[in-house]
Amino acid sequence: DYESLSLTVPTSTTFNPRGNCTTVTLNMNRRMMKRNTKSLSLGGRKSVTSQTVSILSKPMKAIGMLTLLAVIGNIVKLHYKVSSDLDSLSKKTNHDNFTLPSSSTEDSSSNAPTTQEGASGTNNKAVNAVIHVGPYKTGSSAIQHYSKVLHLELASDKYEMPWKHLKQNVNPWDNQVEFATCFLPERSGERSIFPCREDLLEAGLSIAQQNNNSLLVSAETFAATETTGVAELKTYLGQAWSNVTIVATYRRYYEWVVSVHRENNKIKRSLAGHKLWQAIQKNETERLYPSIQDTLATIPVRGASAAVVARYKEFFPNVVVMNYHDKRKSLLERFYCDAIPHAPNTCKKAKEMMKNGGEEKMNESYDAVYEELTYAAHRSGMINVHSKEYCEAVTIAIKAHQEKTLKLSSDVFPRACPSGKILDDIWDISLRSEKDFIKYASNGLGYEDEVSLLSNSLNDDFDVYSKTRLCDVDVHTVLQSQVWRDFFAEEV
């Protein structure tokens, strides 16, 4: 007796947790009943091809109606089951859009190595997905730069990067940050600056589904991904790649802290003079740069190498940890030759580049002790920095006096160091991280022979850092010394 019956069912494995279903209407009005064919149209998102299913029956025959009702019953059962699954999964994700794996029963984290280079993956999946997660300040910029330079060699090894598939290029193209932010919470600070680009996710899947090629993505943002986001990344990768390799770089915690401190404060050689002159004009702060203790209060331990590796190991069986301190090979050679599976052409080219020109320094930090002394001397009234040119000249003169006249390095300036408790805390984290690295060292990359060497050198290396780079130059003590009082009175 119904004029029509409408029910809503999902029409694609790609869904929006907030609701992305299609209403299916079975028209059973009297005019349609007079025809030999009843049509059921399945519409959906743009990405889903509309299909028409014809239900053949004789008008008003009991057997035909029973068949039709059975079809409706099955659709309703499917609707309830999928709706329940959607409700359950939507509670676990903060993303606007997400892609379900093609089969819920398949182990998407399977990482069994292929026995033949270039062999196709299992279940019609591409072979390898390599996700380089950083962390921040562990040589990631160099890896991203050279992945652009070596993109032809990577392509010959059947590795592609999502940005290559977009008509409108990604900015920044080299750091797939707008791919990685899709796995951060919607309200995260980094995602507000670099919004998730779903076309990058779709381009990534097309690499496997259309070309059956392997995926390479590098972004330090992955190091900030929490447990929920790592689980979602696993689900995404499980759709199209049979082997997933997570690559991280181990850098000792205390050294990483210093590097992050300089990066956060933009202590760069190219920016130092400009920033110094701006600070002198404003003359508002006691120091040119915040102290390292200020940085320690703001950077989370979870961003350091060991914590990042631990999070990813919960979900991925194959996590390769490269050693930032291993000088037997360049970091780039280790990445392209050891960490990435089956990339002989890229490995060969990377070795040639390292042999001919060496590794190009990317995003290198800078010890701005001489700029700091210039700023302090100006604020104390010992000199009057009246122009940008004079500002630069004073800084150069201070450096020349220390290194050429006195024949000393910047490390010997008196230092104001963190308290013993703070240094003990840094040491404890560093020691735990080193032990974790030793645990992860048995990953087949040849680090085992190096473990004892690392452990023996850790204490001595930290002792040097605790008296130099983990400390700030004590500018007041320096300026009160007779050597520097004479210098500023006579030479500048």
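This passage describes one helix packing and the salt bridges of a predicted model.

Two helices come first. Helix α12 spans residues 305-313, and helix α17 spans residues 420-440. The two pack at an angle of about 45 degrees. Their axes lie 9 Å apart. Angles under 35 degrees count as roughly parallel, and those from 65 to 115 as roughly perpendicular. The angle of this pair therefore makes α12 oblique to α17. The crossing of α12 past α17 is left-handed.

Residues from both helices make the contact. Helix α12 contributes A306, V309, A310 and K313. Helix α17 contributes S433, D436 and Y440. By character, four residues of this contact are nonpolar, one is polar and two are charged.

Salt bridges come next. Side chains of opposite charge can pair when their charged atoms come close. In this model the count comes to twelve salt bridges, with a side-chain nitrogen of Lys or Arg required within 4 Å of a carboxyl oxygen of Asp or Glu. Three of the pairs are described here.

One salt bridge joins R251 and E255. The closest N and O atoms of R251 and E255 are 3.1 Å apart. Both residues of this pair, R251 and E255, are buried.

Another salt bridge is formed by the side chains of E434 and R252, with an N to O distance of 3.1 Å. This pair links distant parts of the chain. E434 sits in helix α17. R252 sits in the loop between β10 (241-250) and α9 (253-264). The two residues are 182 residues apart. Both E434 and R252 are buried. The pair also belongs to a wider set: R252, E434 and D461 are linked in a network of salt bridges. Helix α17 thus appears in both parts of this account, through S433, D436 and Y440 in the contact with α12 and through E434 in the salt bridge with R252.

A further salt bridge joins K399 to E403. Their closest N and O atoms are 3.2 Å apart. Both residues belong to helix α16, which covers residues 388-405. K399 and E403 are four residues apart in that helix, so about one helical turn separates them. Neither residue is buried, since buried means under 20% relative accessible area. K399 has a relative accessibility of 35%, so K399 counts as partly exposed. E403 is also partly exposed, because its relative accessible area is 33%.

Terms used
Residues are numbered from 1 along each chain as its sequence is written. This is a predicted model: local features need pLDDT of at least 70, side-chain atom pairs count only at pLDDT 80 or more; totals for chains, interfaces and linings use all residues. Side-chain values use heavy atoms; hydrogens and water are left out. Axes are lines fitted to C-alpha atoms, for helices over the stretch in contact, and angles run from 0 to 180 degrees between N-to-C directions. Angles under 35 degrees count as roughly parallel, over 145 as roughly antiparallel, 65 to 115 as roughly perpendicular and the rest as oblique. A crossing is left-handed if the near helix is turned anticlockwise from the far one by less than a right angle, and right-handed if clockwise. Contact means heavy atoms within 4.5 Å. Ala, Val, Leu, Ile, Met, Phe, Trp, Tyr, Cys and Pro count as nonpolar, Asp, Glu, Lys and Arg as charged, and the others, Gly among them, as polar. Buried means under 20% relative accessible area, exposed over 50%, partly exposed in between (1.4 Å probe, protein chains only).
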